[in-house]
Amino acid sequence: MASVDIRNVRKAFGTVHVLHGVNVDIEDGEFVVLVGPSGCGKSTLLRMIAGLERITNGEIRIGPRVVNDVPPKERDIAMVFQNYALYPHMTVFDNMAFSLTLASSPATEVKTRVNRAAAILGLGELLERYPRQLSGGQRQRVAMGRAIVRNPQVFLFDEPLSNLDAKLRVQMRAEIKDLHQRLKVTTVYVTHDQIEAMTMADKIVAMNGGNIEQIGSPLELYDRPDNLFVASFIGSPAMNLIKGEAMGGQFRTSDGTMLPLAANLAVRQAVYGIRPEHIHLQPDNGIEAKVHLVEPTGSETQVTLHIGATPLVCAFRERFDLRPGETVRIMPDFTKAHLFDAESGKRLTA
């Protein structure tokens with residue numbers, strides 16, 4: 001196992017710059033998720049750690065060693081790809097053993113390491129099958145097993161669950177997390193799915209446009225987003241963001257609705273953020289709103305309301321009998337509200 005240190009790393013393809021001085025410290029044994037929208041540079045950064053892309057500027061260390069010019073096979077890493085990359089003419093055993101066979105490892109050692117990985121991943125009865133005889137989840141386990149047998153210092157995962165259906169993604173998420181807890185190997189995981197990031201990571205690196213927007217634990221990013229991008233990207237359903245004006249202990253929306261704030265601020269243009277679960281029905285003295293859409297999910301009911309022209313999404317654990325067109329009264333929990341500067345998008349206060 002080893003730490004991974006990324007220092008002022010930049011990447012350009014000709015005149016197109018895709019990473020703009022990225023700095024990340026990944027501790028030994030940590031599970032770090034790089035998350036962001038398509039094109040933000042997360043997969044490029046992962047490929048640079050793996051040695052599959054050259055670094056334009058900066059430095060990457062795996063353990064004490066600078067690996068900028070070290071070939072991928074000498075970095076002591078193992079990568080799991082989105083498309084599994086299994087050899088169709090080889091059995092599960094041979095696919096998992098391939099890297100060891102190339103390294104001319106003794107047959108007894110190969111068998112021991114493959115059987116150990118198969119036991120961890122529940123593949124013991126499938127070792128003589130071919131990839132075409134496996135389900136998507138089983139193929140992904142084989143790809144993970146091929147990485148495990150190498151006993152690498154670092155695991156790299158590049159959106160490994162994207163090809164799976166929703167139920168299987170949930171199952172594989174738990175299996176990968178459980179695998180990390182057992183093996184304690186430093187892991188860097190790339191995804192565009194913020195639910196994967198929240199449920200799996202020790203630390204999240206939120207990326208956008210080739211820059212890092214925030215680094216922290218899942219709940220740090222959820223409870224105290226540094227800016228509008230993180231506030232809007234982390235959380236499902238997304239945080240409600242309302243443009244308007246902060247004035248004293250209140251916030252006035254563009255249509256004149258007054259919302260409560262926890263702090264007294266000088267008058268300024270701002271964006272008011274409130275998460276859907278922090279909006280409550282308050283029949284006595286709440287703000288009047290009209291129900292627009294009701295979406296029951298089972299565990300909660302998501303309701304889209306309109307306060308004047310301002311839409312708000314609420315998430316109620318209680319099973320209220322609400323119908324489109326109905327008028328209700330609501331109140332945001334002002335102690336959970338967020339405020340961001342309208343121009344820079346930076347956090348002002350909580």
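1. Let me start with Asp-202, which is partly exposed, with a relative accessible area of 35%. This is a predicted model, and in it the side chain of Asp-202 meets that of Lys-177 in a salt bridge, 3.5 Å from N to O. Lys-177 belongs to helix α5, while Asp-202 sits in the loop between α6 (194-200) and β9 (203-208), so the contact ties together parts that are 25 residues apart in sequence. On the Lys-177 side the relative accessible area is 17%, which means buried, as the cut-off is under 20%.

2. Helix α5 has another salt bridge worth a look. Glu-175 pairs with Arg-141, and the closest N and O atoms are 2.8 Å apart. Here too the pair links distant parts of the chain: Glu-175 is in helix α5 and Arg-141 is in helix α4 (residues 136-148), 34 residues apart. Arg-141 is buried, at 12% relative accessible area, whereas Glu-175 is partly exposed, at 24% relative accessibility.

3. How many salt bridges does a search of the whole structure find? The count is 14. Another of them joins the side chains of Glu-245 and Arg-252, at 2.8 Å from N to O. Glu-245 is buried, with a relative accessible area of 17%, and Arg-252 is partly exposed at 33%. There is also a network: Lys-11, Arg-47 and Glu-53 are joined by salt bridges that share partners.

4. Now for a charged residue that lacks such a partner. Asp-5, in strand β1 (residues 4-13), is buried yet has no salt bridge. The nearest side chain of opposite charge is Arg-7, 4.5 Å away; a salt bridge needs the nitrogen within 4 Å of the carboxyl oxygen, so this pair does not qualify. Leaving aside residues up to four places away in sequence, Asp-5 touches Val-24, Asp-25 and Ile-26, and also Glu-59, Ile-60 and Arg-61. I'd take a look at that spot in the viewer.

5. Next, strand β7 (residues 154-158). Five of its five residues are buried, so the strand is largely enclosed by the rest of the structure. Both faces are covered. Val-154, Leu-156 and Asp-158 are buried on one side, and Phe-155 and Phe-157 are buried on the other.

6. What pairs with β7? Strand β6 (residues 77-80) runs parallel to β7 and is joined to it by four bridges; within that pairing, Met-79 has Leu-156 as its bridge partner. Strand β8 (residues 186-191) also pairs with β7 in the parallel sense, over five bridges, with Phe-157 of β7 partnered by Tyr-189 of β8. To get from β7 to β8 the chain passes through helix α5 (residues 166-183), and this β-α-β crossover is right-handed. That is the helix carrying Glu-175 and Lys-177.

7. The loop between β7 and α5 holds Asn-163. Buried or exposed, or in between? Asn-163 is partly exposed, with a relative accessible area of 44%. Beyond residues up to four places away in sequence, Asn-163 touches Gln-82, Asn-83 and Tyr-84. To put a scale on things, the C-alpha atoms of Asn-163 and Pro-260 are separated by 44 Å, with those positions 97 residues apart along the chain.

8. Helix α2 (residues 92-102) has a buried set made up of Val-92, Asn-95, Met-96, Ala-97 and Leu-100. What covers the buried residues of α2? The cover includes α3 (107-121) and α4; α4 is the helix that holds Arg-141. After α2 comes Ser-104, with a positive phi near 60°.

9. Last, the cysteines. A disulfide is a covalent bond between the sulfur atoms of two cysteines. A search of the whole structure finds zero disulfides. Cys-40 counts as buried, at 1% relative accessibility, and so does Cys-314, at 0%.

Conventions. Residues numbered from 1 in each chain as written. Predicted model: local features only at pLDDT ≥ 70, side-chain atom pairs only at ≥ 80, totals over all residues. Heavy atoms only, no water. Helix = DSSP H or I, 4+ residues; strand = E, 2+ residues; numbered from the N terminus. Buried < 20%, exposed > 50% of the residue type's maximum accessible area, 1.4 Å probe, protein only. Lys, Arg positive; Asp, Glu negative; His and termini not counted. Contact = heavy atoms within 4.5 Å. Pairing = 2+ DSSP bridges. Right-handed = clockwise from strand over helix to strand, strands pointing away. Disulfide = S-S within 2.5 Å.
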